[in-house]
Amino acid sequence: MATIKLDNVKKRFRGDRDLCSIHGINLEIKDSEFFCLVGPSNSGKSTTLRAIAGLVPLDEGRVYIDEVDVTNIHPGKRHIAMLFETLALYPNRTGYENIASPLRTRKTPSDEIQRTVAEVVSLLGLEHLLNRLPSTFSGGERQRVAIARALVQRPRAYLLDEPMGALDARLRLSMRGELKRLQRDLGQTMVFATHDQEQAMSLGDRIAVIGGGVIQQIDAPQEIYLKPKNNFVAKTIGKPQMNFFECGIANEGTKLLLVNPAFRIDITSFKPDLPGKAKTNSVIVGIRPTDIDMSDQEESQDWIPAKVHISEPLGNKQILDFKVRDLVIRTVVRPDVSYKLDETKWLNFKKERLHVFDKETGISIL
Amino acid sequence: MSRIKLKLDRITKVFGDLIAVNDLCVDIFDNEFVCILGPSGCGKTTTLNMLSGLEVPTSGNIILDDKVINKLPPQKRDIGLIFQDYALFENMNVYENLAFSMRVKRKPRDEVDSKVREVAQAVEVSHILKKNYGSLNPGEMQRVAIGRTMISEPSVFLLDEPLDNLDADMRVTMRAELKRLQKDLGKTMIYVTHDQEEAMSLADRIVVMEQGLLQQMDTPQDIYNHPVNRFVAGFIGTPPMNFITCKLESISGKLMLSSLKGSFSMDISEVGRHLYEGTIQKEMILGIRPENVSVNIDDLNGEKRGARILRVEPLGPEMVLEVALEGDPDNVIRALVDPGRIPSVGERIEIIFHQDKIHMIDPLSEEVLI
């Protein structure tokens with residue numbers, strides 16, 4: 001059981017280290033929360049986890065676990081277990097010895113080791129792996145043994161750094177389910193770092209999107225998806241990625257328009273206060289591929305004529321890329337929609353789902 | 001009808017005790033984009049190696065443009081191979097990379113120049129000919145790699161998981177570009193991958209392999225909607241299809257399908273009308289895709305097919321619910337639904353199977369009957 005708090009944590013790496021610098025991370029992770037850190041590679045996820053674990057000395061800022069300042073406390077004394085992408089099992093030790101290794105290091109009495117390992121092993125169903133070497137394990141089994149090794153430490157919290165990076169897609173899906181159920185059963189705090197937004201969305205009670213060593217937004221998954229605070233978050237969350245277009249704001253009579261060489265969108269009734277909020281006349285407009293309607297004919301004069309550029313059937317839906325002049329607009333449509341390459345269709349952006357970002361700062365202005 | 005470009009006629013490859021590829025028959029048409037898809041160890045890479053000439057089939061024939069090419073060495077095959085890491089020269093510019101193979105063959109200078117310019121135009125890299133390969137973005141690299149292979153004018157391109165080392169967003173963009181490029185160039189391409197989503201999105205037709213055997217060859221939509229066996233049904237589509245062991249019974253003239261523990265029972269007389277007599281009174285596997293399971297979260301009328309929520313995965317435009325049937329907690333079912341109110345774990349809901357979308361799988365042969 002643990003709450004974790006990071007207060008303005010800074011760490012700068014010089015030269016080309018594998019880790020990315022972080023520039024003032026503030027986080028409050030609640031007790032028994034499943035908290036996901038998501039961001040592209042080199043965004044500072046791993047550094048943040050390491051700061052919590054105490055594996056990197058900080059330049060500035062404090063780390064609190066259960067409201068106790070642990071900034072200067074040795075990693076071994078923080079009672080936090082960390083799981084790395086590589087899993088780092090000892091290749092020359094059996095499953096049992098791998099799981100027992102943290103207890104042996106702590107010089108736990110051997111009957112207690114036996115009892116603890118047995119408990120964890122039955123919880124995860126690993127009985128068949130105890131006498132085998134890691135080289136004979138499948139990807140999922142390696143993963144479970146690594147988790148078991150974290151569990152026996154009875155830590156206050158778990159930190160997981162891309163723990164499913166090495167698994168294939170199918171296995172990742174089933175491990176994801178197992179992990180979430182395990183966390184719920186244990187009722188313990190987990191901090192999970194990943195570059196995969198789908199994993200973060202599906203696992204996290206809350207998500208922190210991190211980029212450039214700075215937290216960009218913290219919120220519940222669906223909130224982040226619906227209301228990204230800036231275009232970085234909008235780009236990171238959601239698949240396929242949001243479409244972004246540079247547009248000008250124009251008044252035409254009583255109408256308020258977003259204008260671009262490829263299209264004009266009337267936003268008079270949806271975003272009437274835009275001109276007051278935008279610093280300049282030029283903004284970035286974002287629309288998710290799932291928030292675009294498509295039709296075979298021009299439903300109203302607002303609809304944009306667009307040519308089918310490429311299509312990708314995915315079974316229960318299909319991605320259609322359209323071209324309007326040089327602009328590519330990606331949409332997600334029903335699987336039974338038929339089309340021909342370079343055929344013209346009409347598109348309509350769902351206005352209530354439009355995002356508008358400041359051109360300079362990328363901050364959402366609506 | 002297009003003509004057959006490449007024919008794999010009963011190809012088998014044996015390594016010691018292992019039959020890596022077993023009696024594979026595939027016809028690939030001119031200008032077609034075909035993906036060979038399967039998990040690791042299914043024989044897809046061995047197949048690719050036999051096409052490219054790195055392996056010789058133990059039996060069977062590879063026929064390209066009506067000529068048997070089994071034993072021709074790679075360079076004489078008229079087949080261009082594009083590797084996962086592209087294998088281009090980072091220290092050379094785009095022009096030199098494209099010209100390389102012709103220069104090695106000591107072709108006259110102006111012939112090289114006109115060929116390079118022609119290819120550069122086709123793959124749209126004319127504007128970056130002087131750029132160093134190492135400084136290109138992934139999209140440009142892909143086009144140069146294809147261009148480099150085009151220089152030797154192969155009649156078929158083989159691609160070995162070329163998108164594998166890119167990050168997720170880039171992959172989605174690159175695969176769209178690759179697909180469009182293939183259509184514009186009008187070249188036959190064979191693409192090997194283990195990623196079902198990639199195969200679905202790219203291919204005109206998909207060859208699904210498992211354990212050296214051809215499982216199914218069809219368009220993506222047909223494979224998705226009409227898988228021939230349990231392997232294909234489970235391998236294609238994400239989240240994967242639900243499988244529930246059921247019993248098929250004929251009760252007062254109706255064909256009833258019930259779960260073994262009796263947690264649900266449905267009349268499938270309509271969809272099951274073509275099932276043969278022998279299947280009745282037998283166990284049967286019900287296969288249903290998550291998007292064909294709907295849920296009723298709010299107004300419950302409190303009767304059959306109740307279930308409890310085990311897990312909720314919001315994914316943005318949609319949401320995956322993992323539920324356990326009441327009285328049958330081992331049957332975990334995934335439903336892919338629109339996100340409305342997000343239910344909480346443990347909540348009781350009602351689930352509905354879309355009857356016209358169900359599959360029936362014979363548990364012994366694993367064949368899909370419906």
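**Figure 1. Helix H4 of chain A, residues 139-151, in a predicted model, has a span that agrees with its length.** At 1.5 Å a residue, the 13 residues of this helix should span 18 Å, and the end C-alpha atoms of H4(A) are 19 Å apart, which agrees. The expected value follows because the rise is multiplied by one less than the number of residues. The model shown here and in the views below is predicted throughout.

**Figure 2. The surroundings of H4(A), a helix that is mostly covered.** Of the 13 residues of H4(A), 10 are buried. They comprise Arg142(A), Gln143(A), Arg144(A), Val145(A), Ala146(A), Ile147(A), Ala148(A), Arg149(A), Ala150(A) and Leu151(A). The elements against which the buried residues of H4(A) pack are two strands and three helices of chain A, namely strand S6 (80-83) and strand S7 (157-161), together with helix H2 (95-105), helix H3 (110-124) and helix H5 (169-186).

**Figure 3. Helix H2 of chain A and the residue that follows the helix.** The buried residues of H2(A) are Gly95(A), Tyr96(A), Asn98(A), Ile99(A), Ala100(A) and Leu103(A), and these pack against H3 and H4 of chain A. Just after H2(A), the backbone at Lys107(A) takes a positive phi of about 60°.

**Figure 4. The two domains of chain A and the two domains of chain B.** Chain A is divided into domain 1, covering residues 4-232, and domain 2, covering residues 243-358, and the C-alpha centres of these domains of chain A lie 40 Å apart. For chain B, the domain assignment gives domain 1 as 4-235 and domain 2 as 242-361, with the C-alpha centres of domain 1 and domain 2 of chain B lying 40 Å apart.

**Figure 5. Chain B, with its eight helices and 20 strands.** Along its principal axes, the C-alpha trace of chain B spans about 80 × 45 × 40 Å. Chain B has 370 residues, of which 39% count as buried. Among the contacts in chain B with a separation of 6 or more, residues 24 or more positions apart account for 65%.

**Figure 6. An open sheet of five strands in chain B.** The strands of this sheet follow the order S13-S12-S11-S14-S20, and the pairing is antiparallel. Strand S13 (265-267) and strand S20 (359-361) of chain B are the edge strands, each of which pairs on one side only. From one strand to the next, the twist averages 35°. In a closer view of one edge, strand S14 of chain B, residues 283-288, is joined to S20(B) by three bridges, and the two strands run antiparallel. Within this pairing, Leu286(B) has Met360(B), in S20(B), as its bridge partner.

**Figure 7. The side of chain B that touches chain A.** Here 31 residues of chain B are in contact with 29 residues of chain A. The elements that give two or more residues to this side of chain B are helix H5 (168-185), helix H6 (196-202) and helix H7 (220-225), together with strand S16 (306-314) and strand S17 (319-325), of chain B. H5(B) gives the most, with seven residues. By class, the side of chain B that touches chain A has 15 nonpolar, five polar and 11 charged residues.

Definitions and conventions:
Residues are numbered from 1 along each chain as its sequence is written. Chains are lettered from A and ligands numbered from 1 in the order in which they are written. This is a predicted model: local features need pLDDT of at least 70, side-chain atom pairs count only at pLDDT 80 or more; totals for chains, interfaces and linings use all residues. Two strands pair if DSSP finds at least two bridges between them. Helices (H or I, at least four residues) and strands (E, at least two) are DSSP runs, numbered from the N terminus. Axes are lines fitted to C-alpha atoms, for helices over the stretch in contact, and angles run from 0 to 180 degrees between N-to-C directions. Two residues are in contact if their C-beta atoms, placed from the backbone, lie within 7 Å. Ala, Val, Leu, Ile, Met, Phe, Trp, Tyr, Cys and Pro count as nonpolar, Asp, Glu, Lys and Arg as charged, and the others, Gly among them, as polar. Domain bounds come from an automatic or database domain assignment. A residue is buried if 20 or more other C-beta atoms lie within 10 Å of its own, exposed if 12 or fewer, and partly exposed in between; C-beta atoms are placed from the backbone.
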